Amino acid sequence: MGRHGRALAEGVGLFLLGVLLFLYPDESAQGAREGVTLCLDLLIPSLFPFFVLSSLLISTGLAGLCAWPLEGLMRPLFGVGGAGATAFSLGLIGGYPVGARTIAQLVERRECTREEANRLALFCNNCGPAFFVGAAGVGVFGAKEAGFLLLGANFAAALLLGLGMRWMRGPSGRKGSAGGSKPVLSPLAAEFPDCVRGAFSSTLGVCAYVILFSVLTALADCSGVLPFCADTLSGLLPGEHAQALCRSFFIGLMELSTGAASLGEAAGSPVALPLAAFILGWGGLSVHCQSLPFWRAAGVRAGPYLRAKFAQGILSAALTALALRWFPLSLPVMAPRLTMVSPCLLGRELLALWGAAGVYFFLLHPKKSGKDKKERL
C-alpha cells in the first residue's frame, strides 16, 4: 500500500470512529469512565513509584555504578552491557511500560547503545508481579497459586527470549558506556524534582492510552465487531466456554486488563490459564502504544519488538499448559467476579500524594534554567 492509499485508509478509519462516537455516546462515556477507574485504582498506584525509582537510579548514576560488576554477567548471557540489568530487573518487577521507559533513559544518558536497546526491548518490558498475583490470580481465578504460575511462566518466557536472542544474534557490536569510565554520581536532592516531574508526565501519558483503548473496546463491543469476531472463532472451537474464551482473546489483543478480567466468565475451562498467560505476555495494543514514545526515543524498531511480545505470549501459554499438566491446580469452577485488585498497599493515599506532587512540581516548583544546569555540571 502506497503513501496515498495508507492515508486514505487512515482517513476512512478515523471517519468510522467518529461515526461510532456519535452513534454510541453513552457506551463511549462508560468506556472512558472504566478506563479512568482502572487508572486510579490500578495503574497510577503501581506505575508512578516505579517511574520515579527508575529515574532516580539512572539520573543519580547508581544504575551505571551497579552496571560495573554486572557487565561480566549480562554480556555473555544477553549480549548487552551491565546497564541492561537495570532495565531487566525493573522491567520484571515494575510492570508495563517501566522497562521501556528505563531503556529510553539509559540510551539518553549513553549508558546503553541503540543496538543494545533493541536487544533489551525484546524481553525487558513485562507485566509486574503484583498484577499477576493480585489482579489475575486472585481477581480472575480466585487463587493466588494461579497468579504465581502465570508469573513464573511469563518470567521464564522473557528469560528464554533474552537467551535465545543472544544465541541467534551473537554479541553486540561494541560495549556500552558501562564498560568505559566510571560513572559520575549526582546528589539525590538535585535530581529528585526533575525525576518526579518526568514520572508524573509519563504516568499521564500511559493513562491517556488506557482510557482511549477502553473507549475503543467499548465501541467494538456495542457496534457488533467484537461479538462477530468472537462468534466466528468460537464456531471453530469445541467446549461450552468457547464463546467467552474467544471474546477474552480479542479483548486481550487490544487491552490487557479488561482482557484478563473477562476471563472470569470462563475460569473453569482448562484453556483459561494458558490464555491468560498469552494475554499477559503479549501485553495488548494499548501497552505497546504506551511504550511507543519510549521506543522512539531509544531508537527501538517496532516490528521486532511486537514479534517478540507475540512470541512471548505463545511461549508463556505453552509453559503454563505444561506446568498444569505436571502440577494441576485446584481452581474454583467459576471464580468470584472480583474487582481488579490494586497492587499497592497505600491505595488512595498514594494517589493523593501523586496528585499533590504533580501540582507542586508543575505549578509551584520553578524549572531549572539552562544556566543553572551548566553551573551544577
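Just after helix α4, G95 takes a positive phi of about 85 degrees (helices here are DSSP runs of H or I with at least four residues, numbered from the N terminus). This is a predicted model, so to speak of local features takes a pLDDT of at least 70, side-chain atom pairs count only at pLDDT 80 or more, and totals for chains, interfaces and linings use all residues. Residues are numbered from 1 along each chain as its sequence is written, and side-chain values use heavy atoms, with hydrogens and water left out.

Helix α4 itself (residues 84-93) is largely enclosed by the rest of the structure, because eight of its ten residues are buried (under 20% relative accessible area, with a 1.4 Å probe and protein chains only; exposed is over 50%, partly exposed in between). Those buried residues are G84, A85, T86, A87, F88, L90, G91 and L92.

Out on the surface, L70, L73, L77, L159, L160 and L163 make a nonpolar patch of about 440 Å². Helices α3 (62-78) and α8 (144-169) each give two or more residues to the patch. Patch residues have over 30% relative accessible area and no salt bridge, and nonpolar side chains (Val, Leu, Ile, Met, Phe, Trp, Tyr) are joined within 5 Å; a salt bridge puts a side-chain nitrogen of Lys or Arg within 4 Å of a carboxyl oxygen of Asp or Glu. L163 sits in α8 and, at 32% relative accessibility, counts as partly exposed.

As for cavities, the largest has a volume of about 30 Å³ (on a 1 Å grid, a cavity is a set of points where a 1.4 Å probe fits but cannot get out, and lining residues have an atom within 4 Å of a point). Its lining consists of N118, L122, R169, V300, R301, P304 and Y305.

Terms used: Patches are made of residues with over 30% relative accessible area and no salt bridge: like charges are joined within 9 Å, nonpolar side chains (Val, Leu, Ile, Met, Phe, Trp, Tyr) within 5 Å. Accessible areas come from the Shrake-Rupley method with a 1.4 Å probe; for residues, only the protein chains shown count as cover. On a 1 Å grid over the protein atoms alone, a cavity is a set of points where a 1.4 Å probe fits but cannot get out, and a pocket is an open set with protein on both sides within 12 Å along at least five of seven lines; lining residues have an atom within 4 Å of a point. Grid points are joined across faces, edges and corners, and a volume is the space filled by probe spheres set on the points.
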